[in-house]
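Please look through the fold shown here with the secondary structure in view. The explanation that follows goes from a pair of helices to a sheet and then to a hairpin.

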Amino acid sequence: MIPCPKCGSPTDPNMATHNLCKNCSSEPSAREHKKRNIVFCGVCGRVRIGGKWQSNLSFDEFIQELQKQGNIVSRAKDRLVYEVIDSNKKTLIQYQLKKSLCMNCLIQKSDSYLFEVKIRVEGRAMNPREAMYLMDSIRRTCLESLDQDFVYRFSKNKEGIDVLISSKKLTEQIVSGLKQKFDGRLTQSFKLVSEKHDRTRVFKTTYSYRILNPSVGSVYRINNHLYEVVRVENGEVFLTAIKGREKMVFTKYELISMYKSNKVEVLTQHGSIL
């Protein structure tokens with residue numbers, strides 16, 4: 001019997017364990033040290049893994065996941081040491097904590113949204129009830145799209161509402177929803193906002209959707225003549241010339257098609273779009 005070189009307990013000589021006793025030889029030893037970086041957003045706390053910001057993983061959640069698999073030995077402002085024990089082997093991993101801004105927070109901070117939807121009611125200003133309905137509808141669309149990575153914000157004005165969005169896919173979903181719910185005219189415009197290092201030009205895309213809902217009292221200009229809507233019934237719109245007695249009848253579909261092709265100019269529009 002010889003004393004264990006670590007704890008002093010008597011043990012049988014064993015070159016394979018460097019003469020360590022049974023208890024000391026079974027303890028895991030720190031044979032491996034690793035260094036890694038954790039990049040996290042200093043505003044929202046999201047973590048970047050593999051060069052991609054994780055929409056469903058915050059820095060605190062990342063730490064909780066580490067604790068499920070091992071022990072956090074020490075933690076400082078700019079680093080933490082994490083210990084993993086596996087197959088009688090102890091691995092110490094030092095994570096260097098690096099604070100940054102994720103793309104979404106950078107967009108919000110600089111107000112650099114690349115997509116915009118402008119919604120107007122043709123011929124008049126949008127009333128508060130209509131604006132609230134439209135914003136609630138867009139919020140529902142956003143809530144149904146949480147699997148996407150995006151940020152957005154509303155910008156109200158006297159004429160209608162504007163929606164600033166970071167995601168092209170979400171923008172197209174919002175526009176599609178408007179076209180399904182309301183008749184109107186859609187236009188699209190582009191504005192050069194920046195140029196990348198490789199000279200790729202970056203454009204901001206604006207969708208303008210003007211809602212038309214033919215209703216009694218509305219005044220339209222058709223072929224340089226003014227007409228007032230006197231009746232809307234069974235999908236047909238009845239108009240009478242303001243000067244003279246000329247009368248015209250269009251289906252709602254025909255009138256909307258003429259409006260979309262700029263053959264009808266709306267001077268005033270009455271009634272609600274809801």
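**Helices, sheet and hairpin**

In this predicted model, helices α4 and α5 cross in a right-handed manner. The helix α4 covers residues 128–143 and the helix α5 residues 168–181, and their axes, which come within 10 Å, cross at roughly 130 degrees. Since angles from 65 to 115 degrees count as roughly perpendicular and those over 145 as roughly antiparallel, α4 and α5 are therefore described as oblique to each other. On the side of α4 the contact is made by Tyr133, Leu134, Ser137, Ile138, Arg140, Thr141 and Cys142, while α5 contributes Leu170, Gln173, Ile174, Leu178 and Lys181. Sorted by character, the residues of this contact between α4 and α5 comprise seven that are nonpolar, three that are polar and two that are charged.

From α5 the path leads on to a sheet, for α5 lies across β9 (115–121), β11, β12 and β13 (201–211), and runs at about 15 degrees to β9. The sheet is an open one of five strands, arranged in the order β10-β11-β9-β13-β12, with mixed pairing. At its edges stand β10 (152–156) and β12 (184–195), each of which has a single partner strand, so that one side of each is left without a neighbour in the sheet. From one strand to the next, the twist of this sheet averages 20 degrees. The partner of the edge strand β10 can be followed in detail: β10 pairs with β11 (residues 160–165) in the antiparallel sense, over five bridges, and within this pairing Lys156 stands opposite Ile161 in β11.

Another group of strands involves β14. Strand β14 (residues 219–222) pairs with strand β15 (residues 225–233) in the antiparallel sense over four bridges, and these two strands form a hairpin with two residues between them. In the turn of that hairpin, Asn223 has a positive phi of about 50 degrees. The strand β14 also pairs with strand β18 (residues 264–268), again in the antiparallel sense and over four bridges. Ile222 serves as a useful point of reference for both pairings of β14, for its bridge partner in β15 is His225, whereas in β18 Ile222 stands opposite Val264.

Notes:
Residues numbered from 1 in each chain as written. Predicted model: local features only at pLDDT ≥ 70, side-chain atom pairs only at ≥ 80, totals over all residues. Heavy atoms only, no water. Axes fitted to C-alpha atoms, helices over the stretch in contact; angles between N-to-C directions. Parallel < 35°, antiparallel > 145°, perpendicular 65-115°, else oblique. Left-handed = near helix turned anticlockwise from the far one by under 90°. Contact = heavy atoms within 4.5 Å. Nonpolar A, V, L, I, M, F, W, Y, C, P; charged D, E, K, R; others polar. Pairing = 2+ DSSP bridges.
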